[in-house]
Amino acid sequence: MADVTAAQVKALRDRTGAPLMACKKALTETAGDLDQAVEILRVSGEAQAAKSAGRDAREGVVDSYIHHGGQIGVLVEVNCETDFVARNDDFTSFVHDLALHIAAAAPIGISDDDIPAEDREREERIAVEQAADRPENVRERIVSGKVDKWLAEVVLLRQKHVNEEKHGGKTIEELRAKLASETKENIVIRRFARFAIGS
């Protein structure tokens with residue numbers, strides 16, 4: 001399997017407007033073939049969904065989820081463009097499933113940009129120390145891989161939905177993009193708050 005470069009991912013994102021992780025996955029599947037990757041994104045609907053990404057999303061819903069026993073609670077706001085979609089069963093189901101996921105997975109932020117710099121720097125320092133005994137020519141890749149793996153655990157859009165049986169191991173971003181494609185609207189996970197007793 002060919003290594004996919006950041007430049008290839010950027011080129012595909014610029015061409016399709018699809019999310020970064022979807023671009024990376026498509027390029028990995030096609031061994032870096034840009035045209036085939038575009039086709040994969042079009043088939044999955046992520047390239048199409050990206051066309052609406054710049055439009056205003058001012059409607060939507062706020063949903064809540066309280067975990068059994070009242071020990072964990074979540075509030076989440078997800079926006080769309082019209083009140084028609086906001087009342088759609090698929091949209092409200094997505095928002096409720098998202099609240100349940102946040103309760104279980106405890107993400108730190110919605111996207112990579114929401115992760116505090118000090119948290120990322122701490123993880124990089126740990127990864128550098130862990131890679132210290134490895135050959136110098138592979139250390140940077142090891143550190144990058146460890147930080148990327150950590151981000152996949154704490155960034156909401158990168159996390160795989162906890163209900164694997166229902167969502168087939170798809171990430172939150174893949175589920176959001178699919179819903180955006182189906183509704184032909186910009187779907188934005190605006191914010192969330194997770195409350196846990198004693199924390």
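Let me start with the contact between two helices: Asp90, Phe91, Phe94, Leu98 and His101 in H6 meet Ile172, Leu175, Arg176 and Leu179 in H10. Please keep in mind throughout that what we have on the screen is a predicted model. The axes of H6 and H10 are 11 Å apart, and the two helices pack at an angle of about 170°. Since angles over 145 degrees count as roughly antiparallel, that makes H6 roughly antiparallel to H10.

Let me stay with H10 for a moment, that is, residues 172-183. With twelve residues at 1.5 Å a residue, helix H10 should span 16 Å, and because its end C-alpha atoms are indeed 16 Å apart, the expectation and the model agree. How many of the residues of H10 are buried? The count is ten of twelve, so that H10 is mostly covered. Among the buried residues of H10 are Ile172, Leu175, Arg176 and Leu179, which you have just heard named on the H10 side of the contact with H6; the buried set also includes Glu173, Glu174 and Ser181. Just after H10, Lys184 takes a positive phi of about 60°.

Now to the sheet, on which H6 also packs. Three strands form an open sheet in the order S1-S2-S3, and the pairing is antiparallel. Strand S1, residues 59-66, and strand S3, residues 188-196, are the edge strands, each of them pairing on one side only. From one strand to the next the twist averages 10°. Helix H6, residues 89-105, packs on this sheet and touches S1, S2 and S3, with a direction that makes about 145° with that of S2.

If we take the pairings in turn, S1 and strand S2, the latter being residues 72-80, pair in the antiparallel sense over eight bridges. To give you some landmarks in that register, Glu59 stands opposite Cys80 in S2, the bridge partner of Gly60 in S2 is Asn79, and that of Val62 is Glu77. The hairpin of S1 and S2 has five residues between the strands, and in it Gly69 takes a positive phi near 90°.

On the other side, eight bridges join S2 to S3, which run antiparallel, and here Ile72 stands opposite Ala196 in S3. Is S2 largely enclosed or largely open? Eight of its nine residues are buried, and S2 is therefore largely enclosed by the rest of the structure.

Ile197 takes us just past the sheet, as this residue lies in the segment after S3. Ile197 has a relative accessible area of 60% and is exposed, the cut-off for that word being over 50%. Ile197 and Ile72 are 125 residues apart in sequence, yet 6.5 Å apart in space, C-alpha to C-alpha. Leaving aside its neighbours within four places in sequence, Ile197 is in contact with Gly70 and Gln71.

The last part concerns another pair of helices. Helix H7, residues 117-130, and helix H8, residues 136-154, have axes that come within 9 Å and cross at roughly 135°, and that makes H7 oblique to H8. The crossing of H7 and H8 is right-handed. Which residues meet there? From H7 they are Asp119, Arg120, Arg122, Glu123, Glu124, Ala127, Val128 and Gln130, and from H8 they are Val143, Lys146, Val147, Trp150 and Leu151.

I would single out Trp150, in helix H8. Why does Trp150 count as buried? Its relative accessibility is 9%, and the cut-off for buried is under 20%. Not counting residues up to four places away in sequence, Trp150 touches Ile108, Ile115, Asp119, Arg120, Arg122 and Glu123. Finally, to relate Trp150 to the helix where I began, Trp150 and Ala180 are 30 residues apart in sequence and 27 Å apart in space, C-alpha to C-alpha, with Ala180 being one of the buried residues of H10.

Technical notes: Residues are numbered from 1 along each chain as its sequence is written. This is a predicted model: local features need pLDDT of at least 70, side-chain atom pairs count only at pLDDT 80 or more; totals for chains, interfaces and linings use all residues. Side-chain values use heavy atoms; hydrogens and water are left out. Two strands pair if DSSP finds at least two bridges between them. Helices (H or I, at least four residues) and strands (E, at least two) are DSSP runs, numbered from the N terminus. Axes are lines fitted to C-alpha atoms, for helices over the stretch in contact, and angles run from 0 to 180 degrees between N-to-C directions. Contact means heavy atoms within 4.5 Å. The expected span of a helix is 1.5 Å times one less than its number of residues. Buried means under 20% relative accessible area, exposed over 50%, partly exposed in between (1.4 Å probe, protein chains only). Angles under 35 degrees count as roughly parallel, over 145 as roughly antiparallel, 65 to 115 as roughly perpendicular and the rest as oblique. A crossing is left-handed if the near helix is turned anticlockwise from the far one by less than a right angle, and right-handed if clockwise.
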